[in-house]
Amino acid sequence: MSQKALRLGTRRSKLAMAQSGQVADAVSQVTGRPVELVEITTYGDTSREHLAQIGGTGVFVTALRDALTRGDVDFAVHSLKDLPTTQPQELALAAVPLREDPRDVIVARDALKFTDLPRGARIGTGSPRRAAQLNAYARSHGLDIETVSIRGNVDTRIGFVRDGELDAVVLAAAGLNRLGRIDEVTDFLSVDTVLPAPGQGALAIECSADDADLIAALGELDDPFTRVAVTAERSLLAALEAGCSAPVGALADLLADGQIVNEMRLRAVVGTPDGTRTVQLSTTGPVPETHDGAMALGRELATEMLAQGAAGLMGEQAR
């Protein structure tokens, strides 16, 4: 490959720039070429509507994909949970690097943990998935909380707590880790309490499906275990016909016997945003050895969830 700089398309937010910068460094190492960041504004960045209202699916992705298709950039970095579950033929998902911590976290006033929040505590989140699971947990454990719908970047969200407007906000551990702000977390939410969004904590590196050399180079950053896990999670999401703003949580864990990873457990939950009704199931089996195997695992669990009434719980959120 020549020494001409590779152009990496990224959203403009601090978080997007931080994670794209980390990928740029890694791509420079494997290709020996400089990488320059090309900032692109997406609809999700400029709209002030809540994600559930604008549909969620693709709002942070479409402008980046358009830039790739036009040839304005050579590759793009996305938060994988923002990607629609259907992959365009003209683009290749060249790499899914090693996943960051997939958990959700609380940033609360007075360094409080979730279970120590006062009665009537106001917790901010823009995610129906988080609201559904927090409300369900609170209901089953005798806690009294109110989930408040919010939007904005990390600074804005944490600002609601610092200003006393909210008692706590829910964020992704991965984002705070990448921003170097993990010390602001007051509580890590166990995945037994809140399952993350499908693909949460993982990044997606996309490029033109015609650029075999670049696909091969970016492929050096791919983590096979992360890819198989997120493939199963996203297959479940697709089979539920739910967009990335729907109240669906899913996580595929790789289970090891000593040093050998030999099984994968896929857990998923769908719930009404008020937490009154949920469908939560899991399945465990051998680690899928192929893309199709991972897809099948997700579809099978989704079928079981639909049989238990999952579609009715998603309602309008799934459209």
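Is strand β10 largely enclosed by the rest of the structure or left exposed, and how many of its residues are buried? Five of the six residues of β10 are buried (under 20% relative accessible area with a 1.4 Å probe and protein chains only; over 50% is exposed, and partly exposed lies in between), so this strand is largely enclosed by the rest of the structure. The model is predicted: local features need pLDDT of at least 70 and side-chain atom pairs count only at pLDDT 80 or more, whereas totals for chains, interfaces and linings use all residues. Residues are numbered from 1 along each chain as its sequence is written, and side-chain values use heavy atoms, with hydrogens and water left out.

The surroundings of β10 are a good place to start. Helices (H or I, at least four residues) and strands (E, at least two) are DSSP runs numbered from the N terminus, and two strands pair if DSSP finds at least two bridges between them. An open sheet of five strands, with mixed pairing, follows the order β2-β1-β3-β10-β4. Its edges are taken by β2 (35-40) and β4 (91-95), each with a single partner strand, so one side of each has no neighbour in the sheet. On average, neighbouring strands here are turned by 35° against each other, direction ignored. Strand β10 pairs with β3 in the antiparallel sense over five bridges, and with β4, also antiparallel, over four. Glu-206 of β10 appears in both pairings: Ala-76 stands opposite it, and it is the bridge partner of Leu-93. On another side of the sheet order, β1 (residues 6-11) and β2 run parallel over six bridges, with Arg-11 bridged to Ile-40 of β2.

Two helices accompany this sheet. Contact is taken as heavy atoms within 4.5 Å, while axes are lines fitted to C-alpha atoms, for helices over the stretch in contact, with angles from 0 to 180 degrees between N-to-C directions. Helix α1 (residues 14-31) lies across β1, β2, β3 (75-79) and β10 (203-208), at about 160° to β1. Helix α4 (residues 62-70) lies across β1, β2, β3, β4 and β10, and runs at about 165° to β3.

Within this region, His-78 belongs to strand β3 and is buried, with a relative accessible area of 3%. Its side chain makes a polar contact of 2.8 Å with that of Glu-206; such a contact is a pair of N or O atoms within 3.5 Å, where, within protein, one must be able to donate a hydrogen and the other to accept it, and residues adjacent in sequence count only if both atoms are side-chain atoms. Leaving aside residues up to four places away in sequence, His-78 also touches, among others, Gln-19, Leu-64, Arg-65 and Leu-203.

A second topic is the other five-stranded open sheet, ordered β7-β6-β8-β5-β9 with mixed pairing. Strands β7 (145-149) and β9 (187-188) are its edges, each pairing on one side only. Strand β6 (residues 121-125) runs parallel to β7 over five bridges, and Gly-124 has Val-148 of β7 as its bridge partner. Helix α5 (residues 128-140) packs on this sheet, touching β5 (104-108), β6, β7 and β8 (168-172), and its direction makes about 175° with that of β7. Helix α6 (residues 154-162) lies across β5 and β8 at about 155° to β8; Thr-156 is found in α6 and is partly exposed at 36% relative accessibility.

A search of the whole structure returns one aromatic pair. Phe-114 and Tyr-137 are tilted, at 5.7 Å centre to centre and 45° between the planes. Pairing here requires ring centres of Phe, Tyr or Trp (its six-membered ring) within 6.5 Å; planes under 30 degrees apart count as stacked, over 60 as edge-to-face and the rest as tilted. Phe-114 sits in the loop between β5 and β6 and Tyr-137 in helix α5, 23 residues apart, and both Phe-114 and Tyr-137 are buried.

Turning to nonpolar cores, each is a set of buried Ala, Val, Leu, Ile, Met, Phe, Trp, Tyr and Cys residues joined through side-chain atoms within 4.5 Å. The largest has 25 residues, of which Leu-236, Leu-240, Val-248, Met-264, Val-270 and Met-305 touch the most other members. Elements supplying at least two residues each include α9 (224-239), β11 (248-257), β12 (260-271) and α10 (291-307). Apart from this core lies another, of 16 residues, including Val-27, Ala-95, Cys-207 and Leu-214.
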